[in-house]
Amino acid sequence: MDVDGIVAAMTPHERASLLAGANHWSTVAFPEHGLPAVEMSDGPHGLRHQTGAADHLGINASDLAVCYPTASALACSFDVELVEEVGRAIGEEARDQGVHVVLGPGVNMKRSPLCGRNFEYFSEDPLLAGELGAAMVRGIQGTGVAACVKHFAANNQEHARQVSNSVVDERALREVYLAPFERIVRRSAPWSVMTAYNRLNGTYCSEHPWLLHDVLRGEWGFDGVCISDWGAVSDVTSSVAAGLDLCMPGPRDDYAATLEEAVAEGRLPQESVDVAAMRVVRLASRVHDAASRANGRSTAAEQTLPVAVSGLELARRAAARSAVLLENDGALPLAPSARIALIGEFAVEPRYQGAGSSKINPVALDNLYDELNDRGCAVSYARGYDRASGATSSELVGEAVETAAASDVAVVVAGLPDCFESEGFDRKLMVMPRGMNELIERVAAAAPRCVVVLQGGAPMELPWRHRVDAILLAYLAGCRGGAALADLLLGAVSPSGKLAETWPARLEDTPLGAAFPDFDNEVRYRESVLNGYRFYDAAGVEPAYPFGHGLSYSSFAYEDAELVEADGAWQVVCRVRNTGDCPARDVVQLYVAAQDSPVYRERQRLASFASVELAAGEAATVRLPVEREALRVWDAGAGDWRVLAGRYELRVASSSRDVRACIRLDLVAGPSLAGDVVAPAELSAEMLAPVDDAYIHPRPGAFDDEAFASLPGLVLPPRRQVTPFTIDSTVADINASPFGRLALRLIDRVMRKPMAEVEGQTREMISEIVADMPLRSLTSSGVSMRTVEGLVFMLNGCYLRGLRRIVAFWLKARRELAAQRFRS
């Protein structure tokens with residue numbers, strides 16, 4: 001495709017028209033210029049391609065596809081090759097269904113276990129999220145389909161996500177929240193990036209020139225398309241000026257006109273529109289040319305082979321490799337002759353995926369009950385609780401206890417029901433349903449042995465964890481999770497997953513505690529760089545299960561760890577030996593700990609990881625690179641990365657709390673294998689300025705505004721005022737206006753019937769999303785921006801001016817329609 005020729009042949013109006021979607025999923029096509037549309041689809045853990053009624057919340061039907069384990073599960077594999085393989089399978093399925101851009105992966109950091117969308121994200125650690133995200137991108141784009149890395153950036157809570165302001169100090173932003181995106185852009189060159197809904201330090205991400213132009217394109221060399229999240233654009237002109245290329249969804253009748261008006265008035269250079277159009281055309285060229293090449297290479301047999309056939313087996317393998325064995329005193333694996341009491345409705349109707357934009361229509365779905373029966377196990381089943389709510393009753397508990405008492409081992413399948421977590425709203429507490437906890441307690445007391453299998457997208461408080469014999473965490477394991485669980489429980493596969501996030505014992509132990517989400521739309525990242533295990537290590541808080549934790553049916557010894565130089569870089573080389581009596585896989589982790597640092601920082605950080613599969617008694621060597629990224633800190637005063645001279649400890653570990661070997665590394669100022677090393681005295685004064693003791697001796701709940709304000713270069717913004725109303729005011733905000741309250745009653749009346757037709761979980765999601773929805777989002781429903789602006793005038797008491805604007809727009813629209821009919 002001749003990109004330059006196509007753009008040169010387009011009129012300025014056509015170029016402007018190209019910068020907003022044609023519909024919910026496609027870009028605008030210009031057949032007269034040889035430019036086809038680009039088709040997009042949700043798909044972080046499978047394809048949600050809609051050929052019928054479109055939406056971005058998972059409400060309407062989508063085409064059949066393979067549902068893989070969600071990111072929260074897949075990350076526990078610590079398996080770069082596996083994630084790339086899953087990405088490739090998703091890309092192949094996308095190509096098979098005519099999709100050109102897969103909207104994923106999501107690599108936002110997990111700040112709190114309560115974020116409703118955590119199941120879609122990999123980790124609390126930026127290196128792990130970046131490595132796995134880069135692998136997913138390579139896999140998808142290896143098929144000629146574009147990946148779209150999201151949500152850029154600092155999008156870490158669902159409440160008020162379209163209007164909230166993420167206030168982050170520069171060190172935390174660089175070292176934690178931007179780091180996975182940087183790694184992905186530099187290592188895998190994604191063809192597109194999705195901007196987040198929220199503001200970042202006062203500016204919407206979709207119109208943030210520092211974020212999109214200076215950092216993403218300037219520093220990191222990104223050459224793809226910046227696409228807005230669906231409905232995320234506030235100021236059209238500012239967005240294009242900042243570097244946003246494509247506003248989704250469409251149609252946006254006001255978009256091209258607004259840009260043309262801004263160019264005519266000198267508020268926007270024509271070059272900004274032309275460059276954005278060039279990028280959109282280049283994306284179309286990339287995906288369509290790649291699809292043509294792929295079709296040309298395919299044989300007739302390959303074209304008729306269903307993509308899902310191999311995908312289902314991959315989904316099973318990925319689910320087995322991602323499961324984490326949290327506890328086991330010998331109850332697992334199950335004996336072949338064991339009489340199994342299988343308890344819990346999740347065993348027959350599994351919780352296997354999250355809700356919202358990533359909701360897949362699975363091509364097949366298995367369950368643990370059928371899988372165990374098909375393998376000849378002696379299984380008796382008790383429902384235990386209601387799947388939708390997790391509630392139980394004396395009758396259900398009594399039946400479960402009786403079934404468990406008559407067995408050799410009880411396997412209780414429990415976790416988080418659909419209504420507890422979803423895109424669109426955050427969890428209120430970190431607990432499982434009370435009925436499930438009661439059921440587990442009673443069954444554990446009655447059964448000879450009790451195994452708990454957990455299904456859910458995020459950590460849960462487990463008050464009974466020391467009273468059961470084993471806990472196997474499946475997370476949300478995808479459509480072949482039932483077969484994978486049977487493989488694990490029966491010992492056909494040894495568990496090898498490691499936690500990609502810390503599991504706190506209680507919500508009160510987390511760095512934010514109950515102060516999440518931030519309800520005043522000002523999301524202050526008070527914990528700074530102390531996110532996830534970095535906080536628990538610094539605070540000395542004992543979690544239920546630490547980052548990197550995961551047991552096996554075997555055991556491993558680490559031997560002869562040493563630091564070597566290879567190919568001009570450092571590596572830690574370690575011998576790993578399987579000391580058990582069954583074949584198994586182990587994930588070896590390397591942490592870097594700066595000793596006596598002159599600046600506040602984490603106690604240790606993940607530097608690299610590697611896995612090895614070994615037969616019983618077998619040994620092999622693993623190599624763990626020590627990269628500059630693992631040693632550097634961001635000096636905001638200097639505006640650059642620094643590697644500080646001093647003493648470091650390299651920790652070879654089985655988890656962040658299970659260190660097996662330590663190696664000393666002394667860095668002196670000057671050139672090194674980690675690049676230039678600077679003495680502490682060379683740091684900026686801003687970097688060396690004292691900070692509040694909360695960051696030196698952190699503890700849960702100690703991060704307040706006063707401590708936060710002590711961080712270098714941070715200026716806290718004033719609290720948001722609800723009035724005067726703007727196009728960014730939310731539906732909930734307008735309740736402060738008499739006219740708004742009237743409008744809300746009308747909205748409620750209009751929504752009553754369609755809301756009654758959706759299931760409870762989806763209804764709750766829609767209710768919270770609608771309450772947080774900015775008024776500008778009405779344009780996604782076909783309402784003109786002029787009408788929205790008129791509504792804003794009326795909300796602010798300017799009724800006549802607002803009415804004039806609305807009437808003038810509709811009169812103009814009617815005249816244009818009449819003229820069009822006359823011409824035709």
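## A tour from Ile343 outward

Begin by selecting Ile343, which touches Ala382, Gly384, Ala400, Ala404, Ala410, Val411, Val412, Val413, Leu439 and Val443, not counting residues up to four places away in sequence; contact here means heavy atoms within 4.5 Å. The model on screen is predicted, with local features needing pLDDT of at least 70 and side-chain atom pairs counting only at pLDDT 80 or more, while totals for chains, interfaces and linings use all residues. Residues are numbered from 1 along each chain as its sequence is written, and side-chain values use heavy atoms, with hydrogens and water left out.

Next, widen the selection to the largest nonpolar core, which has 203 residues, and in which Ile343 is listed with Phe152, Tyr255, Met432, Val443 and Leu454 as having the most contacts inside it. Such a core is a set of buried Ala, Val, Leu, Ile, Met, Phe, Trp, Tyr and Cys residues joined through side-chain atoms within 4.5 Å, where buried means under 20% relative accessible area, exposed over 50%, and partly exposed in between (1.4 Å probe, protein chains only). Helix α5 (residues 126–141) gives the largest share of this core, nine residues. A second, separate core of 38 residues includes Phe556, Leu614, Leu624 and Leu683.

Now select helix α16 (residues 434–446), whose 13 residues reach 19 Å from the first C-alpha to the last, close to the 18 Å expected at 1.5 Å a residue, the expected span being 1.5 Å times one less than the number of residues. Helices (H or I, at least four residues) and strands (E, at least two) are DSSP runs, numbered from the N terminus. The buried residues of α16 are Gly435, Met436, Asn437, Leu439, Ile440, Val443 and Ala444, and what covers them includes β11 (339–343), α15 (394–405), β14 (409–415) and β15 (450–455).

Move then to the open sheet of four strands, ordered β23-β24-β28-β27 with mixed pairing; two strands pair if DSSP finds at least two bridges between them. At its edges stand β23 (633–635) and β27 (670–672), each with a single partner strand, so one side of each is left without a neighbour in the sheet. Within the sheet, β24 (residues 640–644) and β28 (residues 675–678) run parallel and are joined by two bridges, and Leu644 has Val678 as its bridge partner in β28.

Finish at Gln97, in the loop between α4 (80–96) and β3 (101–103), which counts as buried because its relative accessibility is 19%.
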